[in-house]
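Let's take a walk through this protein together, from its overall layout to a few individual residues. Please have the sequence and the 3D view open as you read.

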Amino acid sequence: MTAKRVVLLNGPIGAGKTTLGRAAARILGGRFIDGDDYADHSRPWFCSLRRTTDAIVETALRALREAAPVVIVAYPLNRATWFYICRRLHDAGVATGVISLRASYERIIGGPRGRAFTDAERERIRVMLAEGYAERPFSDLIFDTAKVTDSKITKEELLKEDDDL
């Protein structure tokens, strides 16, 4: 039997979590979860964090029970959130991995992302970068999104091992 796995994509707003997560899930035949879809946007993020993380974990476990080979979750992680999610998944027999997406403020704001950011989002991006969301010490891999030049990601590119990521 194939091991159940959840890959957590971490990074600041605009780093490419959703874009990479959707592509990875499509290529690997898995399920994609955008953690922001479970957040209560009427409240500050820290007020609904537990409800959001519980919903992410339950949705991931349901997808794995429904035979998804892998679940890719896009959600910014602090140490407590990472520990909580990984522990709940581990207790359910699910292996986890964390990929942090690194991008500079200039690349996020001015890059070819096709997204306009509000002033509040721009400020939150600055704070998240200063707090280390782009390079968490609990990451299994830190992926520099500035090195991605083509929006077409192949399975071979996604799975290749590269010490320079």
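Which residue just after α3 takes a positive phi? That residue is Gly93, with a phi of about 80°. Keep in mind as we go that this is a predicted model. We will come back to α3 shortly, once the overall layout is in place.

Start with the chain as a whole. The secondary structure consists of six helices and five strands. Read from the N terminus, these elements follow the order β-α-β-α-β-α-β-α-α-β-α. The protein has 165 residues, and 41% of them count as buried. On the outside, about 9400 Å² is exposed, and carbon and sulfur atoms supply 52% of that area. If you look at contacts with a separation of 6 or more, residues 24 or more positions apart account for 76% of them.

Now turn to the interior. The largest nonpolar core contains 21 residues, and those with the most contacts inside it are Val6, Leu8, Val71, Val73, Leu77 and Leu89. Two or more residues of this core come from each of β1 (5-10), α2 (49-65), β3 (70-74) and α3 (79-91). The largest share, seven residues, is provided by α2. Apart from this core lies another one of twelve residues, including Val7, Leu20, Ala25 and Ile72.

Leu89 is a good place to pause. Leaving aside residues up to four places away in sequence, Leu89 touches Val6, Val57, Leu61, Val94 and Thr96. Leu89 is also one of the buried residues of α3, together with Thr81, Ile85 and Cys86. These four cover an arc of only 115° around the axis, so they sit on the same side of α3. The cover over this buried side includes β1, α2 and β4 (95-102). On the face turned away from it, you will find the exposed residues Arg79, Ala80, Phe83, His90 and Asp91.

The length and the start of α3 are worth a look too. With 13 residues, α3 reaches 18 Å from its first C-alpha to its last, close to the 18 Å expected at 1.5 Å a residue. At the N-terminal end, Asn78 acts as a cap: one of its side-chain oxygens lies 3.2 Å from the backbone nitrogen of Ala80.

A little before α3, in the loop that connects β3 to it, is Tyr75. Is Tyr75 buried or exposed? Its relative accessibility is 8%, so Tyr75 counts as buried. Not counting residues up to four places away in sequence, Tyr75 touches Leu9, Asn10, Lys17, Gly35, Asp36, Leu49, Thr52, Thr53, Ile56 and Thr81. Thr81 in that list is one of the buried residues of α3. Thr53 lies 22 residues from Tyr75 along the chain, and their C-alpha atoms are separated by 9.3 Å.

The loop between α2 and β3 holds another residue to inspect, Ala67. Although Ala67 is not a glycine, its phi is positive, at about 85°. Unlike the residues of a core, which must be buried, Ala67 is exposed, with a relative accessible area of 58%.

Next, follow the chain to α5, which spans residues 119-130. Twelve residues at 1.5 Å each should span 16 Å, and the end C-alpha atoms of α5 are 17 Å apart, which agrees. Which residues of α5 are buried? They are Arg124, Ile125 and Met128. Their arc around the axis is only 105°, so they share the same side of α5. The buried residues of α5 pack against α4 (105-110). The face turned away from that buried side carries the exposed residues Asp119 and Ala130. After α5 comes Gly132, whose phi is positive, near 85°.

Our last stop is Thr145, in the loop between β5 (141-144) and α6 (155-159). At 8% relative accessibility, Thr145 counts as buried. Its side chain reaches the backbone oxygen of Ala15 at 3.4 Å.

Notes: Residues numbered from 1 in each chain as written. Predicted model: local features only at pLDDT ≥ 70, side-chain atom pairs only at ≥ 80, totals over all residues. Heavy atoms only, no water. Core = buried A, V, L, I, M, F, W, Y, C linked by side-chain atoms within 4.5 Å. Buried < 20%, exposed > 50% of the residue type's maximum accessible area, 1.4 Å probe, protein only. Contact = heavy atoms within 4.5 Å. Areas by Shrake-Rupley, 256 points an atom, 1.4 Å probe, with all protein chains shown as cover. Expected span 1.5 Å × (residues − 1). Arc of directions from axis to C-beta. Polar contact = N/O pair within 3.5 Å; in protein donor to acceptor, adjacent residues only side chain to side chain.
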